[in-house]
Structures are given as structure tokens and as C-alpha cells.
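Work through these exercises with the sequence and the 3D view open. Try each task before you read its solution.

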Amino acid sequence: NVQYECVDTGISVTLRKPPFEEIWRNRMATILCEILHGDLEGVRVTWLVDGIKREDGVKTQGPKRDGDKDMIFSRLTVPAAEWESGVEYLCLVEDKSLPTPEKRSIRQ
């Protein structure tokens, strides 16, 4: 009789596409990675573009406390032409409390 334990890490990672107005007006695209968890101290956020680590254009804020959760907002800003080319953007969230990193990817 084997029992499998499902580990609920309680971490929420959401990727949001850039607003159309920003692309149209500024010819730039900002992708937002929102991370929510009970305790985000020590969490590392890494952006990958088509599998290659990207540091240019990254701004990460937090963790900030909101009620009983910590929030981190990480933004990657790229030229609109890159976003429109269809490359894959991946937000990688690592923490010692996570059995494996949380990953979310998005493309135009």
C-alpha cells in the first residue's frame, strides 16, 4: 500500500503579458512576474529568454508584506520587436523551501 504525498508549497507565481498601450506608445514590452507566498525571504527570481539568463531590463521589488502573504514583483522590460518575435520568457523562482523551482513561461 503506497501513499503519495502531494506537497503544496503554497507559492503562487503568475506571469502577465505587457499592456498593448506600452508596446504601441513606447515600443517597449514589460512582462510582470508576481510571486505570492507566506514567506519570501531568500527567494531568488531569474528570467530566461529562450533558455538564456537575462539580467538587463530586470527590476525586482520586494518582498513586501500584504496581510498574511509576502509579495514579490519582478519585471522584465524588452524592446517590442523582441516580444513580437515570439521568443519564450520564463520566470524561475527558487527557494530552499521549494522541492523544485517554480517556473512560468509566456510568449506573445
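**Exercise 1. Find the residue in β7 that stands opposite tryptophan 47.**

Solution.
- Keep in mind that this is a predicted model.
- Begin with the strands: β3 covers residues 44-49 and β7 covers residues 89-94.
- The two strands run antiparallel, and six bridges join them.
- Now look across from tryptophan 47: cysteine 91 stands opposite.
- What holds such strands together? In general, strands of a sheet pair through backbone hydrogen bonds.

**Exercise 2. Give the strand order of the sheet that holds β3 and β7, and explain what is special about β4 and β8.**

Solution.
- The order is β4-β3-β7-β8.
- The sheet is open, has four strands and pairs in the antiparallel sense.
- β4 (52-54) and β8 (102-106) are at the edges.
- Each of these two has a single partner strand, so one of its sides has no neighbour in the sheet.
- From one strand to the next, the twist averages 30°.

**Exercise 3. Do the same for the sheet that contains β1: state its order, its edge strands and its average twist.**

Solution.
- This open sheet of four strands reads β1-β2-β6-β5.
- Its pairing is antiparallel.
- The edge strands are β1 and β5 (58-66), and each pairs on one side only.
- The twist averages 15° from one strand to the next.
- Check one pairing: β1 is joined to β2 (residues 28-37) by five bridges.
- Within that pairing, leucine 15 has cysteine 33 as its bridge partner.
- Check another: seven bridges link β5 to β6 (residues 69-79).
- Here aspartate 66 stands opposite lysine 69.

**Exercise 4. Sort the side chains of β1 (residues 12-16) by the face they point to, and say which are buried.**

Solution.
- Start from the rule: in a regular strand the side chains alternate between the two faces of the sheet.
- Val13 and Leu15 point to one face.
- Ser12, Thr14 and Arg16 point to the other.
- Buried means under 20% relative accessible area.
- Val13 and Leu15 are buried, while Ser12, Thr14 and Arg16 are not.

**Exercise 5. Locate the cis peptide bond that joins glycine 62 and proline 63, and name the strand that holds proline 63.**

Solution.
- Go to the bond between glycine 62 and proline 63.
- Its omega is about 5°, and the bond is cis.
- Proline 63 is found in β5.

**Exercise 6. Place arginine 27 and aspartate 50 in their loops, and decide whether each is buried, partly exposed or exposed.**

Solution.
- Arginine 27 sits in the loop between α1 (20-26) and β2.
- Its phi is positive, about 55°, although arginine 27 is not a glycine.
- The relative accessibility of arginine 27 is 42%, so this residue counts as partly exposed.
- Aspartate 50 lies in the loop between β3 and β4.
- Aspartate 50 also is not a glycine, and its phi is positive at about 50°.
- With 45% relative accessibility, aspartate 50 counts as partly exposed.

**Exercise 7. Set separation along the chain beside separation in space for two pairs: glycine 42 with aspartate 95, and proline 99 with valine 87.**

Solution.
- Glycine 42 belongs to the loop between β2 and β3.
- Glycine 42 and aspartate 95 are 53 residues apart along the chain, yet their C-alpha atoms are separated by 6.6 Å.
- Outside its neighbours within four places in sequence, glycine 42 is in contact with Glu94 and Asp95.
- Proline 99 belongs to the loop between β7 and β8.
- Proline 99 and valine 87 are 12 residues apart along the chain, and their C-alpha atoms are separated by 28 Å.
- Proline 99 has 60% relative accessibility, so this residue counts as exposed.

**Exercise 8. Describe the protein chain as a whole: its elements, its box and its burial.**

Solution.
- The chain has two helices and eight strands.
- Along the sequence they follow the pattern β-α-β-β-β-β-β-α-β-β.
- The C-alpha atoms fill a box of roughly 55 × 35 × 20 Å along the principal axes.
- Of the 108 residues, 37% are buried.
- The chain exposes about 7100 Å², and carbon and sulfur atoms supply 48% of this area.
- Take the contacts between residues at least 6 apart in sequence: 59% of them join residues at least 24 apart.
- Finish with charge: the mean positions of the 16 positive and 19 negative charges are 4 Å apart.

Terms used:
Residues numbered from 1 in each chain as written. Predicted model: local features only at pLDDT ≥ 70, side-chain atom pairs only at ≥ 80, totals over all residues. Heavy atoms only, no water. Pairing = 2+ DSSP bridges. Axes fitted to C-alpha atoms, helices over the stretch in contact; angles between N-to-C directions. Buried < 20%, exposed > 50% of the residue type's maximum accessible area, 1.4 Å probe, protein only. Contact = heavy atoms within 4.5 Å. Areas by Shrake-Rupley, 256 points an atom, 1.4 Å probe, with all protein chains shown as cover. Lys, Arg positive; Asp, Glu negative; His and termini not counted. Charge placed at Lys NZ, Arg CZ, Asp CG, Glu CD.
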